[in-house]
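This report describes selected sites of the structure shown below, taking the ligands in turn and then a single helix residue.

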Amino acid sequence: MKGEVVYAGVIIDQAHPSLDKVFLYLVPQDLMEKVQVGSRVQVPFGPSNRKVEGYVIMLESETDIPSERVKAINKVMDDYPVLPRHMIPLIEWMKDEYHCLTIDAIRCIVPPGLRANIKKKAQKLVFLNDPGDLVEEHISYIASKSQYMADVLRLLAQQDGIPLEEVRAATRAPLSSIKSLEKRGWIRIEQQEVYRDPWAYEPDIGIQPKVLTQEQRQAVEELETALIKGYGKFLLQGVTGSGKTEVYIQAAQKALALNKQVIVLVPEISLTPQTVERFKSHFGQRVAILHSGLSLGERYDEWRRIRNQQVDVVVGARSAVFAPFERLGLIIIDEAHEDSYKSDMQPKYHAVDVARKRCELEGAVLLLGSATPAITDYYLAQKGVYKKIEMKYRVDQKPLPPVEIVDMRKEIELGNRSILSGALYRALKDVLQKGQQAILLINRRGYAQFVSCRSCGFVVKCSNCDISLTYHAYDNSLKCHYCGAIHPYPNVCPACGSKYIKHFGIGTQKAEEEIGKLFPQARVIRMDMDTTSTKGAHQRILKAFGEGLYDILLGTQMIAKGLDFPRVTLVGVIAADTVLNLPDYRSPEKAFQLITQVAGRAGRGPHGGRVIIQTYQPQHYAIQFAARHDYIGFYSREIEIRKQFMYPPFSHMIRILIMGEKEEDVIKLANDSKDWLKQRIDGSYVLKQGLDEIGAYSAPLERINNKYRWHVLIRIKPDDIYRQAYHGLVDEYLEWFIGVKETIIVDFHPLSLL
Ligand code: ADP
Ligand code: ZN
Ligand code: ZN
């Protein structure tokens with residue numbers, strides 16, 4: 001439309017609170033076609049009109065601002081809008097939900113390679129201009145002038161659109177001959193983008209879909225119905241080995257058949273190579289894989305393949321939830337209970353929440369899969385927010401492995417101070433003799449150490465909060481990081497009087513040494529933070545173990561997930577206590593999940609399998625229910641405790657973390673913050689109604705990188721009205737305290753309070 005004036009609302013690509021607003025620019029006539037919602041543009045900014053980049057998030061035809069004060073957009077950066085228009089509402093939602101800057105949310109969607117303006121790889125392709133017109137007669141005529149030119153034409157007559165280098169290699173024609181053909185209008189040379197394809201060398205195996213079990217079939221049918229309707233949120237609770245991955249694959253196929261696209265999230269690509277392989281072999285070139293091991297360029301290329309709708313399935317870690325599909329139909333989240341779905345950087349989004357919102361906004365179906373759903377998710381399923389799908393049986397009716405609980409207190413009584421109980425020792429010996437394999441889980445040494453009695457299993461906990469107290473070596477004290485209570489280190493066990501009470505912790509390295517001494521002939525491979533710091537280390541270790549080069553895989557929680565090794569007949573948990581006693585309200589949940597997951601690695605092959613769990617608290621409900629593979633039993637017990645102590649989902653937590661170099665200043669700021677907040681709360685009816693508790697305490701990790709850490713914890717009633725009120729309050733708070741030298745980080749849904 002001639003003469004029409006269009007203004008673009010632009011978010012400047014600079015992360016600063018003072019710039020977190022929409023700036024209005026005039027769209028020049030010659031850019032009218034190119035500037036769209038979602039375009040990345042370059043604009044003059046500030047008094048000196050320096051050139052900055054930004055993103056168009058709205059277009060308007062009028063403004064109150066006098067036109068002479070509105071500057072014009074300089075240029076459009078890309079051939080297509082980098083932000084899909086339908087994802088703009090998601091950006092707005094994130095800003096509200098996570099209190100991030102608009103640009104922070106945008107940066108979740110566009111890859112860093114785009115912003116770094118990494119060069120697109122391009123190649124020159126040679127095409128015939130008019131293939132229909134090319135007859136042998138013409139070619140002979142050309143051949144009389146130049147044999148090279150004729151050869152080029154013959155080559156192109158067989159196959160059009162060949163890279164220039166290949167044309168030259170095949171015909172040995174000099175560039176001048178090819179240019180001359182171009183000048184005469186016989187051929188044209190075009191630039192075309194190519195993608196760095198990290199999987200290019202992978203063959204497409206093209207596995208046939210499996211014949212589904214009845215449970216799997218019902219699950220897929222239910223999902224298909226929802227896909228046709230275009231909405232539905234599902235929680236698939238299937239025991240380990242029930243074939244959830246096959247359900248994901250076939251549901252994805254249904255979505256593709258409906259011309260829709262699919263996002264598959266896995267907790268961590270490097271830890272789930274088998275799942276990724278299965279998707280790749282089913283969807284071949286139609287799948288893109290996003291993972292942290294990709295170079296900036298590779299990542300950018302994969303992103304562009306997605307943005308240009310050249311793939312229909314994306315498999316990736318949490319950030320893949322932002323894959324810029326236009327026809328999203330299904331988001332699958334495997335092992336949805338995993339904490340790695342929550343971002344540890346700003347914005348601290350949770351991929352499950354983002355996925356739920358995206359599905360609502362874009363008419364897609366959400367599928368959360370897990371053997372051990374998060375308590376809060378299962379609670380939502382009970383309330384009808386998610387529809388439950390259950391798969392209770394393993395494929396082929398293979399039984400879940402029997403789980404033995406070994407009471408380590410008895411071992412002490414018997415004089416066994418080794419990390420292996422008699423039972424686990426004998427079981428390992430047996431496995432080694434039979435030439436089978438074992439997985440041993442040993443938790444990372446608790447950096448927040450708890451204190452427990454080796455004679456009776458008693459753990460020193462806070463009476464107010466039911467949270468394990470944390471041992472601090474420097475003043476030999478025990479602290480509660482939820483309420484600040486301090487207790488002296490007990491000399492004897494308060495429960496049984498034993499003097500074997502002390503803080504707890506075994507490392508993987510030490511365990512490896514001990515096992516080496518007990519079984520000198522065994523080939524042990526260790527998988528932990530130390531042995532996996534190099535690129536591809538995870539895969540190498542898992543591959544070597546899978547090929548049978550080792551007898552025992554010893555590792556931290558990173559070995560618990562998603563692995564399918566048929567030769568593993570024994571899984572041992574060295575000390576369930578380390579995870580059971582984290583200073584965190586979710587420690588029973590974490591313990592239950594970990595034990596269930598790792599136990600699920602056993603008995604996947606023809607030789608069956610067994611699981612042995614060593615603990616000083618054999619009676620603990622998390623261990624008991626895990627041993628019986630009883631998720632529902634565990635949930636029913638845990639939800640009661642959550643209710644009693646008002647933990648999520650019965651409250652909503654807000655954590656304000658304060659970090660700084662001077663301890664007194666950090667403590668003072670934490671207390672000032674709490675006082676300021678408390679005063680506001682007391683002055684407002686809604687805030688006061690919504691409050692459960694507020695306090696300022698030292699964080700369990702009291703010092704990281706020479707920075708002292710304190711937090712203000714606010715627990716409020718979980719209703720939306722209170723959440724909104726508190727979001728507003730925190731906004732005010734951040735504005736009030738802006739410019740302090742300490743770092744303030746707000747987390748609205750903290751998973752961990754460490
Ligand atoms: P989960 O993810 O629920 O732990 P998997 O998807 O890893 O279970 O499946 C366990 C094993 O069963 C895998 O080896 C898988 O290939 C196989 N499997 C899954 N579904 C079927 C089926 N319908 N028929 C035969 N084998 C199957
Ligand atoms: Zn005791
Ligand atoms: Zn406490």
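## Ligand sites and a helix residue

In this predicted model, the side chain of Lys244 places an N or O atom 2.9 Å from an oxygen atom of ligand 1. Two further polar contacts of ligand 1 involve nitrogen atoms of the ligand: one is made with the backbone of Val211, and one with the side chain of Gln216. The three contacts are set out below.

| Residue | Atom of the residue | Atom of ligand 1 | Distance |
|---|---|---|---|
| Val211 | polar backbone atom | nitrogen | 2.7 Å |
| Gln216 | side-chain N or O | nitrogen | 2.8 Å |
| Lys244 | side-chain N or O | oxygen | 2.9 Å |

Taken on its own, ligand 1 has 560 Å² of accessible area, of which the protein covers 78%. The shell around ligand 1 consists of 17 residues, and the closest are Val211, Gln216, Gly241, Lys244 and Asp564. Sorted by class, this shell contains seven polar, six charged and four nonpolar residues. Helix H9, which spans residues 244-257, supplies three residues to the shell, the largest share.

The second site holds the zinc ion (ligand 2). Which protein atoms serve as donors to the zinc ion (ligand 2)? They are the SG atoms of Cys453, Cys456, Cys493 and Cys496, at 2.3 to 2.4 Å from the ion. The angles among the four donor atoms run from 108 to 110°, and the site is tetrahedral. Along the sequence, the donor residues follow the spacing C-x2-C-x36-C-x2-C. Distant parts of the chain are thereby linked: Cys453 belongs to strand E18 (residues 451-453), whereas Cys493, 40 residues away, lies in the loop between strand E21 (486-488) and strand E22 (501-503).

Are Cys453 and Cys493 buried or exposed? Cys453 has a relative accessibility of 0% and therefore counts as buried. Cys493 also counts as buried, because its relative accessibility is 3%. For both residues the relevant cut-off is a relative accessible area under 20%.

The last residue to be considered is Ala544, which is part of helix H17 (residues 537-546). Its relative accessibility is 12%, so Ala544 counts as buried. Ala544 and Asn464 are 80 residues apart along the chain, and a distance of 48 Å separates their C-alpha atoms.

Terms used:
Residues numbered from 1 in each chain as written. Chains lettered and ligands numbered in written order. Predicted model: local features only at pLDDT ≥ 70, side-chain atom pairs only at ≥ 80, totals over all residues. Heavy atoms only, no water. Donors = N, O, S within 2.8 Å, 3.2 Å for Na, K, Ca; no water. Tetrahedral: all angles 85-135°; square planar, octahedral: opposite > 155°, others 65-115°. Helix = DSSP H or I, 4+ residues; strand = E, 2+ residues; numbered from the N terminus. Buried < 20%, exposed > 50% of the residue type's maximum accessible area, 1.4 Å probe, protein only. Near = heavy atom within 4 Å. Polar contact = N/O pair within 3.5 Å; in protein donor to acceptor, adjacent residues only side chain to side chain. Areas by Shrake-Rupley, 256 points an atom, 1.4 Å probe, with all protein chains shown as cover. Nonpolar A, V, L, I, M, F, W, Y, C, P; charged D, E, K, R; others polar.
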